[in-house]
Amino acid sequence: MLVAGCLKAPLAVSFDTTEVNRETAIFDDHDELWLFGYGSLIYKAGFEYIERAPATIDGWVRRYWQGSHDHRGTPDAPGRVVTLVEAPGETCLGMAYRVTPSVFGYLDHREKNGYLRFAKTMTFADGSEEKGLVYIATPDNAAWLGEADIEAIAAQVAASKGPSGPNRDYVLDLADALDELEADDPHCLAVAERLRALIGR
Ligand code: SIN
């Protein structure tokens with residue numbers, strides 16, 4: 001029997017993924033593991049790690065297609081932050097951190113606005129590979145915004161702010177971090193360039 005009020009949209013991932021991630025418990029039984037960061041986790045760790053090193057993930061690209069209700073926007077006026085989108089043949093460069101599961105509480109909370117824990121293979125500069133943890137917000141999550149042209153993304157970023165600060169700081173800090181990593185990321189570069197033009201920076 002269906003009970004009104006208990007209905008949930010099939011496959012929808014809720015606004016707060018903390019509980020799902022805790023229950024899924026991917027990597028909870030490891031003593032140590034590699035975490036792959038591709039967005040704010042590149043330039044702002046905020047947790048303890050043993051070491052860090054640039055790494056890549058094959059078959060995924062970074063896109064400003066995820067809404068931010070809790071960090072760089074609000075539920076009524078979401079900002080835009082990056083997630084990974086499947087793209088066969090493409091490679092995403094980010095920063096990998098060797099951590100212990102003690103950081104999961106912090107990370108699950110920080111990434112709670114639609115991001116789920118996934119296990120993915122990352123490749124390091126020396127060619128070695130490790131299966132590790134990545135937080136990805138998939139298109140079925142409740143804060144998903146999806147594709148938009150660069151002009152619209154930059155305008156939304158310019159107008160948004162949330163509890164973690166202006167959305168523009170996220171985009172410009174990530175652009176600087178990608179520059180430092182020498183990452184080839186035309187999408188993020190284009191958003192940052194258009195944003196700079198809009199805000200005169
Ligand atoms: C990440 O950085 O790996 C996830 C997205 C974000 O927190 O910006």
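## Polar contacts of the ligand

In this predicted model, a backbone N or O atom of Tyr38 lies 3.0 Å from an oxygen atom of the ligand. Two side chains also place polar atoms by ligand oxygens. For Glu111, the distance from a polar side-chain atom to an oxygen atom of the ligand is 2.9 Å. For Tyr170, the corresponding distance, again from a polar side-chain atom to a ligand oxygen, is 2.6 Å.

The ligand on its own has 250 Å² of accessible area, and the protein covers 96% of that area.

## The shell around the ligand

Where does the ligand sit? Its place is in the largest pocket. The residues that surround the ligand are Phe36, Gly37, Tyr38, Gly39, Ser40, Leu41, Val82, Glu111, Tyr115 and Tyr170.

Which elements each supply at least two residues of this shell? They include strand 1, which covers residues 33-37, and helix 2, which covers residues 40-43. Tyr38, with its backbone atom 3.0 Å from a ligand oxygen, is also a member of the shell, as are Glu111 and Tyr170.

## Thr18 in helix 1

Helix 1 is made up of residues 18-24, and Thr18 belongs to it. Is Thr18 buried or exposed? The relative accessibility of Thr18 is 13%. The cut-off for a buried residue is under 20%, so Thr18 counts as buried.

Leaving aside residues up to four places away in sequence, Thr18 touches Asp108 and Lys112.

## Two positive phi angles after helix 1

The loop between helix 1 and strand 1 contains Ala25 and also Phe27. What is the sign of phi in most residues other than glycine? In most of them phi is negative.

Ala25 is not a glycine, yet it has a positive phi of about 55 degrees. Phe27 is not a glycine either, and its phi is positive as well, at about 75 degrees.

How do these two loop residues stand in terms of accessible area? Ala25 has a relative accessible area of 27% and is therefore partly exposed. Phe27 has a relative accessible area of 8%, which means that Phe27 is buried. The loop between helix 1 and strand 1 thus holds a partly exposed residue, Ala25, and a buried one, Phe27.

Methods. Residues numbered from 1 in each chain as written. Predicted model: local features only at pLDDT ≥ 70, side-chain atom pairs only at ≥ 80, totals over all residues. Heavy atoms only, no water. Helix = DSSP H or I, 4+ residues; strand = E, 2+ residues; numbered from the N terminus. Buried < 20%, exposed > 50% of the residue type's maximum accessible area, 1.4 Å probe, protein only. Contact = heavy atoms within 4.5 Å. Near = heavy atom within 4 Å. Polar contact = N/O pair within 3.5 Å; in protein donor to acceptor, adjacent residues only side chain to side chain. Areas by Shrake-Rupley, 256 points an atom, 1.4 Å probe, with all protein chains shown as cover. 1 Å grid on protein atoms, 1.4 Å probe; cavity = no way out; pocket = protein on both sides within 12 Å on 5 of 7 lines; lining within 4 Å. Sits in = over half its atoms within 2 Å of the grid points.
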